[in-house]
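User: I'd like a close look at one spot in the chain, and then a walk outward from there through its surroundings. Keep it informal, please, and explain the terms as you go.

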Amino acid sequence: MNWLLILSMVLLALLALVMVLWFGVRQRAQQLTRLDVNRELYAQRQEELSQEFADGLLSEEAYQGALTELDKRFVSENSELEQLQERAIGRGIWLPAVFIVVLAAVGYSLFGSWNQQQYADEARRALPTLAQQVLSDQNAAPSPQQLELFALGLRQRLQQDDGDAMAWMLYARAATALQQFEQALAAYEKAYAMDNERPAILLGYAQLLINVGGAEQLQQAARLLSQLLRIDPRNIDGLSLTGAVAYQRGDYQQAVQAWQLLEQLLPADDPRADAIAQALADAQQQLDGSAQTLTVTVQLSESMQNQLPADATLFVYVKAVDGAPMPAAVVRQVVSDFPVTIQLSDAQAMLPDYKMSQLNQWQVEARISTDDRIEIGAGDLGAEPKVVAADSNVEVELIIDRAL
């Protein structure tokens, strides 16, 4: 079907071109014919005047005056004729021009609609298989292209029958993976309204709110996690996130309680055990008032307001002034409004044996990523780094004011 559309458009384009060329040649031929007739009449009148002068019917003065008048009339008539022909050509070209424009619009509509319909049909056909991959935690995770196809197919289904809580949760997961956070939040809200006791919905919704960041989102995430733990008090992921949210909100007592219970539930060989032990130790230090903390307020300059990408990812991190480029602590969160205030400590260490507390000085940096990766990429925005002495309760302000 695709090659037939292409062939049709090519033939129609050639037809339009032939129409333009034929009309232009035809009008030009008509113009030349009328000009030739005018020249013949001019020459004939010249001969008549010469004969009348020779026969003594015209004086020298009358003869020259008649020739001058004839020349003027010849030039005037030719000029008027050319203007009339130009207007006629303009009117004639208008129809083929309109035809070509309409042809282009219809062709684009046909191709665009056909391609979109083909992609939509493919999405609907692939939906059952892709749903299995998204729902289960298989090793063969879906690719971004498969996720886009799955999200399109599922969105069409939800538009038709409004779906159920599970369908909206699956769509929210796909949108989150595609970094379509606004759509993901709306989908989780819909799923939660349909079923507010399903642990998977409560957990996924809370996790997305934490990633989006902001005090209001953290408060909402805390409520969802509290509801989750009432339903399932031993939910490992729920306890882990509860501790993280409490820590970010400065409720170190709740963070310690959540992580202590989590530590008891985790098997000794669980790969998360070391990270939980580290986070618990840091929360306990915060509770005791002995931990080193760095509070960073990030501002966005006026010159960068129009360059802020949608669903921007903010990275705030601490590095050694001279030494390894690896951050000793890093916080990543999606932002849309500034200023943003973030707290860094050993709890945000990337490696268990490389922490902020091991450094004498902190180089504090902030960067907005366009591709959700910590490595600098094209289009990223950044702030001038600041170096401060490692101490307790340090505060730093950074201003995003440059393209990297």
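Analyst: Let's start at Q179, which is partly exposed at 29% relative accessibility; partly exposed is the range between buried (under 20% relative accessible area) and exposed (over 50%), found with a 1.4 Å probe on protein chains only. Keep in mind that this is a predicted model, where local features need pLDDT of at least 70, side-chain atom pairs count only at pLDDT 80 or more, and totals for chains, interfaces and linings use all residues. Residues are numbered from 1 along each chain as its sequence is written, and side-chain values use heavy atoms, with hydrogens and water left out.

Back to our spot. Q179 sits in the loop between α4 and α5 (181-194); helices (H or I, at least four residues) and strands (E, at least two) are DSSP runs, numbered from the N terminus. Look at the backbone there: Q179 has a positive phi of about 65°, although it is not a glycine. Most residues other than glycine have a negative phi.

Now step back along the chain to D162. Its phi is near 65°, again positive in a residue other than glycine. D162 comes just after α3, in the loop between α3 and α4 (165-177). Is D162 buried, exposed or partly exposed? With a relative accessible area of 33%, D162 is partly exposed.

That brings us to helix α3 itself, residues 144-161. The expected span of a helix is 1.5 Å times one less than its number of residues. For the 18 residues of α3 that gives 26 Å, and the C-alpha atoms at its ends are 26 Å apart, so the two values agree. Much of the helix is tucked away from the probe: L147, L149, F150, A151, L152, G153, L154, Q156 and L158 are buried. E148, also in α3, counts as partly exposed at 43% relative accessibility. Try finding A177 from there: E148 and A177 are 29 residues apart in sequence, but their C-alpha atoms are 9.5 Å apart in space.

There's another backbone detail further along. The peptide bond from F338 to P339 is cis, with omega near 5°. P339 lies in the loop between β3 and β4. For context, most peptide bonds are trans.

Next, follow the strands. Two strands pair if DSSP finds at least two bridges between them. Strand β1 (residues 294-300) runs parallel to strand β8 (residues 394-403), and the two are joined over seven bridges. One place to look is L294, whose bridge partner in β8 is V394. β8 also pairs with β6, this time in the antiparallel sense and over three bridges. There, I400 of β8 is the bridge partner of A383. So β8 is a handy place to see both senses of pairing, parallel with β1 and antiparallel with β6.

Let's finish our walk with the charged side chains. How many salt bridges does a search of the whole structure find? It finds eight, where a salt bridge is a side-chain nitrogen of Lys or Arg within 4 Å of a carboxyl oxygen of Asp or Glu.

One of them joins E365 and K319, with N and O 3.6 Å apart. E365 belongs to strand β5 (residues 361-369) and K319 to strand β2 (residues 312-319), so this pair ties together parts that are 46 residues apart in sequence. Both partners are out of the open: E365 is buried at 13% relative accessibility, and K319 is buried at 18%.

Another one links D380 and R367, at 2.7 Å from N to O. D380 is in the loop between β5 and β6 (381-383) while R367 is in strand β5, so the bridge connects parts 13 residues apart in sequence. Here D380 is buried with a relative accessible area of 0%, and R367 is buried with 1%.

Compare that with D401 and R402, whose closest N and O atoms are 3.1 Å apart in their salt bridge. D401 is partly exposed at 32%, and R402 is partly exposed at 34%. Last stop: D237, D270 and R272 are linked in a network of salt bridges.
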